[in-house]
Amino acid sequence: MAKRQLVPTVRLRRLALELRQLRERAGMSREQVADATGMNRATLYRIEVAQAKPQGRTFQALLDVYGVPEARRKELTAILKSAHQQGWLQNTDELPTQYATLIGFESEAVRMLNYESLFVPGLLQTEDYARAAVVGSAPDMTPEEVESRVIARAERQAHWKPPQSLGIVLDESVLRREVGGPAIMRAQLQRLLSDSERPDVTVQAIPYFAGAHPGMHGSFVILQFANEDHEIVYIEGFTNDLFLESKNDVYSYRRQFEHLCEQAATPEATRDLIASVLADLK
């Protein structure tokens, strides 16, 4: 049986970034570090991209080579010890690794900022809408794969609760595209209208008359974490998903989200818009 691929936690991802940055600050290549520590270069690469957790002896050897002071060693060692603490998701066999990774990060996040240009965000989807969205956007999926996605989406919703919070900006087209047909869309809009009243959820829509806006480049999610000097941007793709975590990338997407909030209708006006679209549904 094939070995299950490691689904990195936020802490493992952060540790990988820290080790990579320490090597770069030391001005060393992976080959030089491998020679200095006796480590396999492929192993070092896997550690630096969060595909493997370093063993204790290996970890200390890396810190020795990079000349890390004692106080910083203690901080990094604490991250290493908690690097595999998983959230609620346990069985990832039936989910793509990148999607399982998102769910793992999501379970650790305290706040998510989500811009959507095409779909209602997964955390606010009804079961029927979720199924119609998966079938319509991925027609080659088997029925079993579709159901595993729908079930995972429902479990994500069940585990997302205060004090976690969700900030959402939607393009108006999300409200008007009848995913699954009028009946399913009506139930979805009613759910969205109800969820928009929750204290942990903010929903804003960018109306058509706002014209061009930064979100026209595509949807994205910013995940923010407690007591972590670390944020992650998630971008879903057709064949591959992206996780961005450099400070420049995160800053750019955070600024983009701020611009979108400024161009969007207020939460109150957004509820009026949702109600208007509901009234127009035949």
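Pocket, fold and local geometry

Mentor: In this predicted model, the largest pocket has a volume of about 1100 Å³.

Trainee: Which residues lie nearest the centre of the largest pocket?

Mentor: The lining of this pocket is made up of 38 residues. Five of them are placed nearest its centre. They are Ser137, Arg149, Tyr234, Glu236 and Gly237.

Trainee: Which element gives the largest share of the lining of the largest pocket?

Mentor: Elements giving two or more residues to the lining include the helices H6 (97-108), H7 (127-137) and H8 (143-159). The strands E1 (109-116), E4 (220-225) and E5 (231-235) also do so. The largest share is five residues, and it comes from H6.

Trainee: How many residues in the lining of the largest pocket are charged?

Mentor: By class, 19 lining residues are nonpolar and 11 are polar. The charged residues in the lining number eight.

Trainee: What percentage of the residues of the protein count as buried?

Mentor: The protein has 12 helices and six strands, and its C-alpha atoms fill a box of roughly 70 × 45 × 30 Å along the principal axes. A residue is buried when its relative accessible area is under 20%. Of the 282 residues, the share that counts as buried is 48%.

Trainee: What share of the accessible surface belongs to carbon and sulfur atoms?

Mentor: The accessible surface of the protein comes to about 14600 Å². The part belonging to carbon and sulfur atoms is 51%.

Trainee: How far apart are the end C-alpha atoms of residues 19-73?

Mentor: UniProt, in an unreviewed entry, lists residues 19-73 as "domain: HTH cro/C1-type". In the model, this span is 69% helix and 0% strand. Its end C-alpha atoms are separated by 11 Å.

Trainee: Where is alanine 50 found, and is alanine 50 buried or exposed?

Mentor: Alanine 50 has a phi near 65°, a positive value in a residue other than glycine. Its position is in the loop between helix H3 (41-48) and helix H4 (56-66). The relative accessible area of alanine 50 is 3%. Because the cut-off for buried is under 20%, alanine 50 counts as buried.

Trainee: Which residues does a cis peptide bond join?

Mentor: One partner, proline 163, is found in the loop between H8 and strand E2 (165-171). Omega of the bond is about 10°. The joined residues are proline 162 and proline 163.

Notes: Residues numbered from 1 in each chain as written. Predicted model: local features only at pLDDT ≥ 70, side-chain atom pairs only at ≥ 80, totals over all residues. Heavy atoms only, no water. 1 Å grid on protein atoms, 1.4 Å probe; cavity = no way out; pocket = protein on both sides within 12 Å on 5 of 7 lines; lining within 4 Å. Points joined across faces, edges and corners; volume = space filled by probe spheres on them. Helix = DSSP H or I, 4+ residues; strand = E, 2+ residues; numbered from the N terminus. Nonpolar A, V, L, I, M, F, W, Y, C, P; charged D, E, K, R; others polar. Buried < 20%, exposed > 50% of the residue type's maximum accessible area, 1.4 Å probe, protein only. Areas by Shrake-Rupley, 256 points an atom, 1.4 Å probe, with all protein chains shown as cover. UniProt positions renumbered as here; feature names shortened; annotations may be inferred.
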